[in-house]
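Trainee: I'm new to this one and would like to zoom in on a single part. Could you walk me through it slowly?

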Amino acid sequence: MTWQPEPRGLFQLLSLLRDAIRPNNRDQVLVQQRLSLFNDTPDYNSYLIYILVVMTQEDNYTRAIAGLTLKNNLLNHFNRIPLTVLDHVKYISLQSLDSPDPDATVRRTIGSVITAIIVRGQVLNWPKAIQDLAHHLESSNPVAVEVNNLK
């Protein structure tokens, strides 16, 4: 999968996510409203998985917020997500299991995204997830096994 974010849209989304995590930000309602407008962008969830998994230079908390936003989108808007975007999110999520992130919060967030896809899309519709998860459970790497402890 070769999806790449549009730089301007990525910058805007990152700015909003950073604003969303500031505890003293008085404009939280405005930030949340602006974030919800991104749901009208067909590949919004591709941006979120990109921030979560690919943007390792970004602050881990911002990455986790992107992942939690993605998880919530999957749980609340699953049937409205274009199949190409959903396939991309699935692909990147499983690919991330091959090189687990050093940050435990990011790893747990990726696990939550995978869980949300399985819960909403049903496990029978994503057999590769079960195969990959089972494969990683056999790993001697404790971090790889931890990622598979989906909660």
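Which residues does T62 touch, not counting residues up to four places away in sequence? I'd like a close look at that spot and at whatever surrounds it.

Mentor: Happy to. Keep in mind from the start that this is a predicted model. The average pLDDT of the protein is 88, and 89% of the residues score at least 70. Confidence does vary from element to element: helix α3 (residues 44–54) has the highest mean pLDDT, 97, while helix α8 (residues 142–147) has the lowest, 59.

Now a quick bit of orientation. The protein has 8 helices and 0 strands, so to read along the sequence you just go α-α-α-α-α-α-α-α. Of its 151 residues, 45% are buried. Contacts across the chain matter for your question too: among contacts with a separation of 6 or more, 67% are between residues 24 or more positions apart.

On to your residue. T62 sits in helix α4, and it touches L14, L17, R18, I21 and I51, once residues up to four places away in sequence are set aside. Is T62 buried or exposed? Its relative accessible area is 2%, and under 20% counts as buried, so T62 is buried. Look one place back and you get another picture. Y61 also lies in helix α4, which covers residues 60–77, but Y61 has 49% relative accessibility and counts as partly exposed. Y61 has a distant partner in sequence as well: R18 is 43 residues away along the chain, yet the two C-alpha atoms are 8.9 Å apart.

Let's follow the trail into helix α1. L16 is found there, and its C-alpha lies 9.9 Å from that of T62, with their positions 46 residues apart in sequence. L16 is buried, at 2% relative accessibility. Leaving aside neighbours within four places in sequence, L16 is in contact with V31, R34, L35 and F38.

Two of those names, V31 and L35, turn up again when you see how α1 meets α2. The axes of helix α1 (residues 7–20) and helix α2 (residues 28–37) come within 10 Å and cross at roughly 145°. The crossing is left-handed. On the α1 side the contact is made by L13, L16, L17, D19 and A20, and on the α2 side by Q28, V31, Q32, R34 and L35. Sorted by class, that gives 6 nonpolar, 2 polar and 2 charged residues. Notice L17 in that list; L17 is also one of the residues that T62 touches.

L13 deserves a stop of its own. This residue of helix α1 is buried, with a relative accessible area of 0%. Not counting residues up to four places away in sequence, L13 touches L35, F38, Y44, Y47, L48 and I51. With Y44, the C-alpha separation is 9.1 Å, although the two are 31 residues apart along the chain. And I51 should ring a bell, since T62 touches I51 as well.

That brings us to α3. Here 10 of the 11 residues are buried, so α3 is largely enclosed by the rest of the structure. The buried ones are Y44, N45, S46, Y47, L48, I49, Y50, I51, L52 and V53. What covers them includes α1, α2, α4, α5 (83–96) and α6.

There's a bit of aromatic business in α3, too. The structure holds 3 aromatic pairs. In one of them, the rings of W3 and Y47 have centres 5.0 Å apart and planes at 80°; since over 60 degrees counts as edge-to-face, that is the label for this pair. W3 lies in the segment before α1 and Y47 in helix α3, so the pair ties together parts 44 residues apart in sequence. Y47 is buried, with a relative accessible area of 9%. Ring pairs also link W3, Y47 and Y50 into a cluster.

So here's the picture to keep. T62 of α4 is buried and touches residues including L17 and I51. L17 takes part in the contact of α1 with α2, and I51 is among the buried residues of α3.

Methods: Residues are numbered from 1 along each chain as its sequence is written. This is a predicted model: local features need pLDDT of at least 70, side-chain atom pairs count only at pLDDT 80 or more; totals for chains, interfaces and linings use all residues. Side-chain values use heavy atoms; hydrogens and water are left out. pLDDT is the predictor's confidence in each residue, from 0 to 100. Helices (H or I, at least four residues) and strands (E, at least two) are DSSP runs, numbered from the N terminus. Axes are lines fitted to C-alpha atoms, for helices over the stretch in contact, and angles run from 0 to 180 degrees between N-to-C directions. A crossing is left-handed if the near helix is turned anticlockwise from the far one by less than a right angle, and right-handed if clockwise. Contact means heavy atoms within 4.5 Å. Ala, Val, Leu, Ile, Met, Phe, Trp, Tyr, Cys and Pro count as nonpolar, Asp, Glu, Lys and Arg as charged, and the others, Gly among them, as polar. Rings of Phe, Tyr and Trp (its six-membered ring) pair if their centres lie within 6.5 Å; planes under 30 degrees apart count as stacked, over 60 as edge-to-face and the rest as tilted. Buried means under 20% relative accessible area, exposed over 50%, partly exposed in between (1.4 Å probe, protein chains only).
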